[in-house]
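Me: Please take a close look at one helix in this model and at the hairpin that comes before it in the chain. I would like a connected account with the cut-offs stated.

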Amino acid sequence: VVGIAIFRERRFVSCNAQLEHQLGYGPGELAGRSAEIIHRDSEHFEARGRRIYAALSGGANFAEEEQF
């Protein structure tokens with residue numbers, strides 16, 4: 001029931017089949033794509049990026065849920 005993804009430089013590295021299904025993609029179709037495709041607009045994408053990089057640059061982990 002949970003979609004999980006791993007990102008590097010705001011691009012999909014890998015994800016589970018559940019996330020692919022939830023987003024309407026086939027196996028492997030998200031790999032390499034920008035994470036921007038899962039945000040409602042570019043402002044939301046940029047705001048999340050600021051939160052992520054603020055946490056990571058301070059040595060913290062970052063985890064966040066998104067409701068689709």
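Reply: What follows treats the helix and then the hairpin.

This is a predicted model, in which local features need pLDDT of at least 70 and side-chain atom pairs count only at pLDDT 80 or more, while totals for chains, interfaces and linings use all residues. Residues are numbered from 1 along each chain as its sequence is written, and side-chain values use heavy atoms, with hydrogens and water left out.

Helix H2 runs over residues 42–57; helices (H or I, at least four residues) and strands (E, at least two) are DSSP runs, numbered from the N terminus. Its 16 residues reach 22 Å from the first C-alpha to the last, close to the 22 Å expected at 1.5 Å a residue, where the expected span is 1.5 Å times one less than the number of residues. His44, Phe45, Arg48, Gly49, Ile52 and Ala55 of H2 are buried (under 20% relative accessible area, with exposed over 50% and partly exposed in between, for a 1.4 Å probe and protein chains only). These residues are on the same side of H2 because they cover an arc of only 135 degrees around the axis, the arc being that of the directions from the helix axis to the C-beta atoms. An α-helix has 3.6 residues a turn, so residues three or four places apart point the same way. The face of H2 turned away from the buried side carries the exposed residues Glu43, Arg50, Ala54 and Ser57.

At the N-terminal end, H2 is capped by Asp41, which has a side-chain oxygen 3.2 Å from the backbone nitrogen of Glu43. After H2 comes Gly59, with a positive phi near 85 degrees.

Phe45 also has Arg10 over its face, at 3.5 Å from the ring centre; for such a placement, NZ of Lys or CZ of Arg must be within 6 Å of the ring centre and within 35 degrees of the ring normal.

Turning to the hairpin, strands E1 (residues 5–8) and E2 (residues 11–15) pair in the antiparallel sense over four bridges, where pairing requires that DSSP finds at least two bridges between the strands. Two residues lie between these strands, and Glu9 takes a positive phi near 50 degrees. Phe7 has Phe12 in E2 as its bridge partner, whereas Arg8 stands opposite Arg11. Phe12 counts as buried because its relative accessibility is 3%, and Phe7, at 38%, counts as partly exposed.

How values were computed: A polar contact is a pair of N or O atoms within 3.5 Å; within protein, one must be able to donate a hydrogen and the other to accept it, and residues adjacent in sequence count only if both atoms are side-chain atoms.
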